[in-house]
Amino acid sequence: DRQPQGAETMNHRFLIAILSLFGLIAAGQLTGAELAKGNACPDLGGVPACYLVFGAYGLIFVSALMTGWLRHVLFLASWLPVFALALIASGLDLAAGPVCPRAFAVVPQCFLSLALAVAIVWVWILGLRSWQRARPLRS
């Protein structure tokens with residue numbers, strides 16, 4: 001009495017979509033502040049980092065709605081920049097002082113983004129493992 005193949009990962013994909021929405025909302029608020037004031041996010045080669053993070057969280061959300069192998073490619077292509085930016089920015093914030101905008105006037109948002117990126121990839125890996133266990137053995 002197994003569920004149809006892929007149904008096991010549906011809950012994981014739903015959770016990834018929800019988590020990525022948190023990232024989209026936070027990055028969207030920073031993007032709005034950047035558009036209004038022009039100094040809400042650090043620049044990366046002339047492009048505000050919050051624009052990149054907003055787009056990447058959006059693509060993570062889209063990948064959670066997709067089916068097929070291409071969703072994994074899109075997920076990794078969008079998750080890796082979010083993770084790398086959050087990791088590097090967190091390191092810089094710890095080493096060089098305030099680099100990241102603050103959430104609640106205290107917590108660097110790059111720390112929150114790093115925690116969110118780790119949670120998202122953890123759910124993605126659990127979904128992959130669940131899918132592999134549900135696949136019928138080939139003889």
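**Before the close-ups.** Two residues are in contact when they have heavy atoms within 4.5 Å of each other. The model shown here is predicted, with local features needing a pLDDT of at least 70 and side-chain atom pairs counting only at pLDDT 80 or more, while totals for chains, interfaces and linings use all residues. Residues are numbered from 1 along each chain as its sequence is written, and side-chain values use heavy atoms, with hydrogens and water left out.

**View 1. The whole chain, to get your bearings.** Four helices and four strands make up the cast here; both are DSSP runs numbered from the N terminus (helices are H or I with at least four residues, strands are E with at least two). Walk along from the N terminus and the elements come in the order α-β-β-α-α-β-β-α. The chain has 139 residues, and 37% of them are buried. Buried means under 20% relative accessible area, exposed means over 50%, and partly exposed is in between (1.4 Å probe, protein chains only). The accessible surface adds up to about 8,500 Å², with 70% of it belonging to carbon and sulfur atoms; such areas come from the Shrake-Rupley method with a 1.4 Å probe, and for residues only the protein chains shown count as cover. Take the contacts between residues at least 6 apart in sequence: 61% of them link residues at least 24 apart.

**View 2. Helix α1 from end to end.** This helix covers residues 10–37. Its 28 residues should span 40 Å at 1.5 Å a residue, and the end C-alpha atoms are indeed 40 Å apart; the expected span is 1.5 Å times one less than the number of residues. Among the buried residues of α1 are His12, Arg13, Leu24, Thr31 and Glu34. Leu35, also in α1, is exposed because its relative accessibility is 63%. Its C-alpha atom is 9.8 Å from that of Tyr51, a residue 16 places away along the chain. After the helix comes Gly38, with a positive phi near 85°.

**View 3. A nonpolar patch on the surface.** Phe14, Leu15, Ile18, Leu21 and Phe22 make a nonpolar surface patch of about 470 Å². Patches are built from residues with over 30% relative accessible area and no salt bridge (like charges are joined within 9 Å; nonpolar side chains, meaning Val, Leu, Ile, Met, Phe, Trp and Tyr, within 5 Å). Leu21 sits in helix α1, and it counts as partly exposed because its relative accessibility is 33%.

**View 4. Ser113 and its neighbours.** Look for Ser113 in helix α4, which runs over residues 109–134. Is Ser113 buried or exposed? It counts as buried, because its relative accessibility is 14%. Leaving out residues up to four places away in sequence, Ser113 touches Tyr57, Val82 and Ala86. With Tyr57 there is also a side-chain to side-chain polar contact at 3.0 Å. A polar contact is a pair of N or O atoms within 3.5 Å; within protein, one must be able to donate a hydrogen and the other to accept it, and residues adjacent in sequence count only if both atoms are side-chain atoms.

**View 5. Helix α2, the home of Tyr57.** Residues 49–65 form this helix of 17 residues, which reaches 25 Å from its first C-alpha to its last, close to the 24 Å expected at 1.5 Å a residue. Tyr57 is one of its buried residues, along with others including Cys50, Val53 and Ile60. Gly55, also in α2, counts as partly exposed because its relative accessibility is 32%. The C-alpha atoms of Gly55 and Val82 are 9.5 Å apart, though their positions lie 27 residues apart along the chain.

**View 6. Helix α3 and what follows.** Here you see residues 70–96. The 27 residues of α3 should span 39 Å at 1.5 Å a residue, and the 39 Å between its end C-alpha atoms agrees. Its buried residues include Phe75, Trp79, Val82, Ala86 and Asp93. Leu87 is partly exposed, because its relative accessible area is 44%. From Leu87 to Leu114 is 27 residues in sequence and 6.1 Å in space, C-alpha to C-alpha. Just after α3, Gly97 has a positive phi of about 95°.

**View 7. Arg102 meets Asp93.** A salt bridge is a side-chain nitrogen of Lys or Arg within 4 Å of a carboxyl oxygen of Asp or Glu, and by this rule the count is one. Arg102 forms a salt bridge with Asp93, and the closest N and O atoms are 3.0 Å apart. Arg102 is partly exposed, because its relative accessible area is 33%. Asp93 is buried, because its relative accessible area is 7%.
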